Amino acid sequence: MMKAVGLDCRVKLDFSEYYGVIIRMLRKFNLLRNRSFKRKLFSYSILICIVPVLLLGTASSIIASRMVQEEVNHNQQIILQQMQFQMDSLLQSLDRASIILANHTAVEKSVELGPTNKNIDYSLEMIDAIQKQRSFSNIEYDVSIVFTLYDKVYSSRDGFLNLTDYSYYGLIKNTQTNYSSAVAIPPHTYPGQDELLFMRPVPIFYTEEKKGMLILHVPNEKLTSFIQSVNLGERRKLYIVNEEGMIVLSKETDKIGTRLTLSEASSSTDSYSGPFTMGGIEYNVSAIKSSFNNWSYIAMTETGLLTDKAKRIQTMTWIVAAILTVAAAMISFVGAQRLYYPIQKLMNKLSGESRRSGGADDIEALDTFIQHMVKTNDQLKTEINEQLPYLKETVFQQLLRGEMSAREIIKTSERYGFPLQGSWFHVCLVDVDEYVLFQQNYRERDRSLMLYAIRKIAEETCEEREHLSCLTVTPLPGQVAVILGMEESDRHSIEAMDGIASELRTNLKRYFQFSVTVAVSRSYKGFAGISSAYQEALELLSYRLLMGHDRIISAWTIEPDIEQSRTTVVRWQKEIVASISQGNIEQAKAKLVEIAEVVPRYVQNSETVLGLFAYLIGELEFFIQEAGLSSEKVFPNEPYKQLYSMTSLSEVTEWFTETIFPAITAHLSGLQASKQKKTARRVVDYIHEHYDQNISLQHVADELGLSPYHISRAFKEETDTNFGEYLLHYRMDKAKEWLAYTDMPIKEISDRLCYTSVQNFTRIFKQITDMPPGKFRKQFRDLTQRE
């Protein structure tokens with residue numbers, strides 16, 4: 001796009017200026033106005049035939065040398081403007097990326113609190129934010145975060161380092177960044193610096209001292225690729241010079257880092273053209289200065305090259321003019337109709353909106369439209385293929401929970417190809433026994449792999465049987481649901497289900513060291529009955545309290561007395577948790593004594609008895625976590641191991657009443673003081689994440705599951721301001737940031753901040769800052785330019 005234009009093309013481009021003059025004159029006489037594209041094509045072709053002969057024959061000898069000179073300057077200015085635009089775009093993209101990262105909450109928190117193990121969550125969130133920003137950027141760069149208060153550096157290339165081990169330690173000490181502004185340091189400014197450095201303080205608006213620094217590293221190859229792609233031609237040079245006159249980029253690598261000084265006129269204006277002598281050779285120089293960073297872009301052409309070519313142009317002009325006239329005349333009279341036909345055919349296939357954007361740029365509009373369609377189609381295919389497994393899993397879970405109608409199930413089955421066939425369906429629920437111990441003994445990734453293996457084993461077990469279809473899904477942690485489809489529901493199907501459950505449990509014992517309980521539901525008709533089968537299987541799992549672990553539980557294997565005792569024990573355990581939550585520890589102790597008296601009547605297996613109390617510990621742990629406490633702090637001595645080491649019910653009862661219940665009560669009493677701070681913090685975080693939505697105090701209360709009165713009182717006491725004022729000032733801070741560092745229109749800012757009109761937004765902004773948004777943006781830009 002930035003290749004130098006040859007002399008022949010420069011002649012054509014110069015004559016195009018004359019064509020433009022004639023066309024404008026013709027338009028004044030309504031000769032080309034309101035004509036179709038096909039007629040304009042014919043008219044322009046005729047003009048191309050006639051004008052070259054008239055103009056070239058009379059003016060070539062007079063304007064040849066001046067035309068070459070002007071064309072060279074023009075081409076060089078275009079090349080320099082394109083170079084400036086690309087370089088400025090790169091620096092502006094870096095500026096935006098640095099603002100986003102420096103203003104990110106995780107980066108600010110991590111810089112303020114330091115890269116310690118205590119604050120590992122903020123460090124990980126900071127690293128994740130950096131990786132996401134790098135992946136979204138079309139510019140390749142590395143990121144370094146300097147923890148000024150802790151003499152540490154995080155680098156996306158090298159990880160965490162001591163500040164003294166950082167390769168730019170001396171540069172950081174000697175470089176000063178102004179308040180809310182960035183500093184760009186070109187390559188080779190300092191010894192060993194072979195990349196562009198873009199530095200910005202963290203946080204952006206610091207009050208006393210900056211707590212850290214953000215550095216973006218752009219490889220020198222990225223910068224040199226701009227200038228290497230420019231083909232200026234023979235005996236020509238191109239330089240990029242900074243404010244101090246030092247050459248930043250050049251095709252001549254030995255020139256980088258040296259000084260190049262033009263005349264005073266060139267340094268005081270935004271663009272410059274004129275003669276220049278270097279090394280005893282005269283050059284014609286074109287230079288422009290970037291308003292973004294005051295770098296100068298300089299193109300130089302030897303004057304002797306222009307003189308030689310000017311003489312040859314006079315001869316070549318007549319030959320070229322004659323050839324163009326003949327060729328254009330033939331195209332005008334013979335090819336206008338045929339040339340336009342493919343364009344017309346394709347334009348008829350475009351949408352109405354695309355047709356309205358056509359006109360003289362029909363070909364370009366067609367190309368843009370087709371490229372957009374191809375790109376969009378490829379993106380959609382990729383995204384669908386990536387999300388398809390997750391979509392299927394979501395659909396299967398909705399099927400279990402009964403969230404789909406019969407019509408939706410049939411439609412979804414046709415779209416995704418459900419493997420289920422049959423009229424009757426069972427749900428076989430495989431649940432890991434003692435899931436808390438399972439969770440403690442295995443890492444999360446290992447647990448996921450084991451559940452995946454259970455699903456595969458279940459599918460292989462079902463595939464070995466004829467007239468049976470199945471699919472598997474993981475509805476809850478530690479649980480796999482196997483949906484089985486059959487054509488008939490009779491005694492043979494019940495026997496088949498027992499056989500499948502028994503074989504599945506045997507296979508799982510062979511491969512895993514933990515035990516599972518398998519609950520088998522009765523058969524239900526149609527896809528809509530799958531959710532009922534799942535609910536029945538969940539209900540059957542609760543009988544594990546009395547029947548013990550490593551069992552197969554089905555509706556036809558449960559005895560009535562077991563069913564009644566299970567219901568009573570579960571209810572009492574819920575009442576114990578409720579009593580503790582209300583602070584009534586004596587009532588909780590009384591219920592526990594009742595359980596200890598009832599259980600021996602129905603259960604003779606000591607392991608099952610201990611399993612009942614282990615279930616109670618699980619209920620208490622769930623309650624503790626819901627209350628915002630850590631179960632490790634309340635139970636520091638591994639309660640499950642302690643429980644299974646006991647040998648009598650009296651010992652278990654005494655341990656619960658004298659140790660477990662008092663420990664929970666003591667921690668709950670200290671929780672109330674911290675809840676208010678936690679509530680205020682949650683409200684602040686919610687505002688920061690949803691400020692661009694239409695939120696209210698009632699809306700936040702609904703989202704957090706709290707009452708508006710409770711939120712309002714806690715927020716006021718912790719922040720010394722009410723909810724509405726905090727939301728207003730936070731939105732105004734965002735508006736200031738967008739006005740200062742982006743070109744976002746005020747209308748768009750008003751819409752994003754959920755104001756009903758620009759006038760309303762402007763009125764409130766003026767109340768807060770004593771000036772309207774437009775004046776604020778202008779004042780900030782003027783101040784930045786003066787700095």
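**Close-up views of a predicted model**

**View 1. Glutamate 140 in the loop between helix H4 and strand E1.** Glutamate 140 counts as exposed, because its relative accessibility is 59%, and a residue is called exposed over 50%. The structure shown here and in the following views is a predicted model. The loop that holds glutamate 140 runs between helix H4, residues 120-136, and strand E1, residues 142-147. When residues up to four places away in sequence are not counted, glutamate 140 touches His217, Val218 and Pro219. Leucine 216 lies 76 residues from glutamate 140 in sequence, while the distance between the two in space, taken from C-alpha to C-alpha, is 9.9 Å.

**View 2. Strand E12 and its pairing with strands E14, E15 and E16.** Strand E12 covers residues 424-432 and is mostly covered itself, with eight of its nine residues buried. With strand E14, residues 479-486, strand E12 runs antiparallel and is joined by eight bridges; within this pairing, cysteine 428 has valine 482 in E14 as its bridge partner. Strand E15, residues 516-520, is paired with E12 in the antiparallel sense over five bridges, and here aspartate 431 stands opposite threonine 517 of E15. The pairing of E12 with strand E16, residues 524-525, is again in the antiparallel sense and extends over two bridges, with tyrosine 524 in E16 as the bridge partner of phenylalanine 425. As general background to this view, side chains in a regular strand alternate between the two faces of the sheet.

**View 3. An open sheet of five strands.** The strands follow one another in the order E8-E7-E11-E10-E9, and their pairing is antiparallel. At the edges stand strand E8, residues 247-250, and strand E9, residues 271-278, each of which pairs on one side only. From one strand to the next, the twist averages 25°. Strand E7, residues 236-241, runs antiparallel to E8 and is joined to E8 by three bridges; in this pairing, isoleucine 240 has leucine 249 in E8 as its bridge partner.

**View 4. A nonpolar surface patch that includes methionine 316.** Met316, Ile319 and Ile323 make up the patch, whose area is about 270 Å². Methionine 316 belongs to helix H8, which spans residues 303-347. With a relative accessible area of 35%, methionine 316 is partly exposed, and this value therefore satisfies the requirement of over 30% that applies to residues of a patch.

**View 5. The salt bridge between aspartate 550 and arginine 505.** The structure holds 17 salt bridges, and in the one shown here the side chains of aspartate 550 and arginine 505 meet at 3.0 Å, N to O. Aspartate 550 is placed in the loop between helix H16 (544-547) and strand E17 (552-554), whereas arginine 505 is part of helix H14 (residues 491-511), so the pair ties together parts that are 45 residues apart in sequence. Aspartate 550 counts as partly exposed, because its relative accessibility is 22%. In general terms, side chains of opposite charge can pair when their charged atoms come close.

**View 6. A salt bridge within helix H25, formed by lysine 734 and glutamate 737.** The side chains of lysine 734 and glutamate 737 meet with an N to O distance of 3.9 Å, which lies within the 4 Å limit for a salt bridge. Helix H25 consists of residues 723-741 and holds both lysine 734 and glutamate 737, which are three residues apart, about one turn of the helix. Lysine 734 counts as buried because its relative accessibility is 14%, and glutamate 737, with a relative accessible area of 16%, is buried as well.

**View 7. A salt bridge within helix H28, formed by lysine 778 and aspartate 782.** The closest N and O atoms of lysine 778 and aspartate 782 are 3.1 Å apart. Both residues lie in helix H28, residues 773-786, where they are four residues apart, about one turn of the helix. Lysine 778 is exposed, with a relative accessible area of 55%, while aspartate 782 counts as partly exposed at 27% relative accessibility.

**View 8. A network of salt bridges that share partners.** Arg134, Asp142, Arg157 and Glu195 are joined into one network by these salt bridges.

Conventions
Residues are numbered from 1 along each chain as its sequence is written. This is a predicted model: local features need pLDDT of at least 70, side-chain atom pairs count only at pLDDT 80 or more; totals for chains, interfaces and linings use all residues. Side-chain values use heavy atoms; hydrogens and water are left out. Buried means under 20% relative accessible area, exposed over 50%, partly exposed in between (1.4 Å probe, protein chains only). Two strands pair if DSSP finds at least two bridges between them. Axes are lines fitted to C-alpha atoms, for helices over the stretch in contact, and angles run from 0 to 180 degrees between N-to-C directions. Patches are made of residues with over 30% relative accessible area and no salt bridge: like charges are joined within 9 Å, nonpolar side chains (Val, Leu, Ile, Met, Phe, Trp, Tyr) within 5 Å. Accessible areas come from the Shrake-Rupley method with a 1.4 Å probe; for residues, only the protein chains shown count as cover. Contact means heavy atoms within 4.5 Å.
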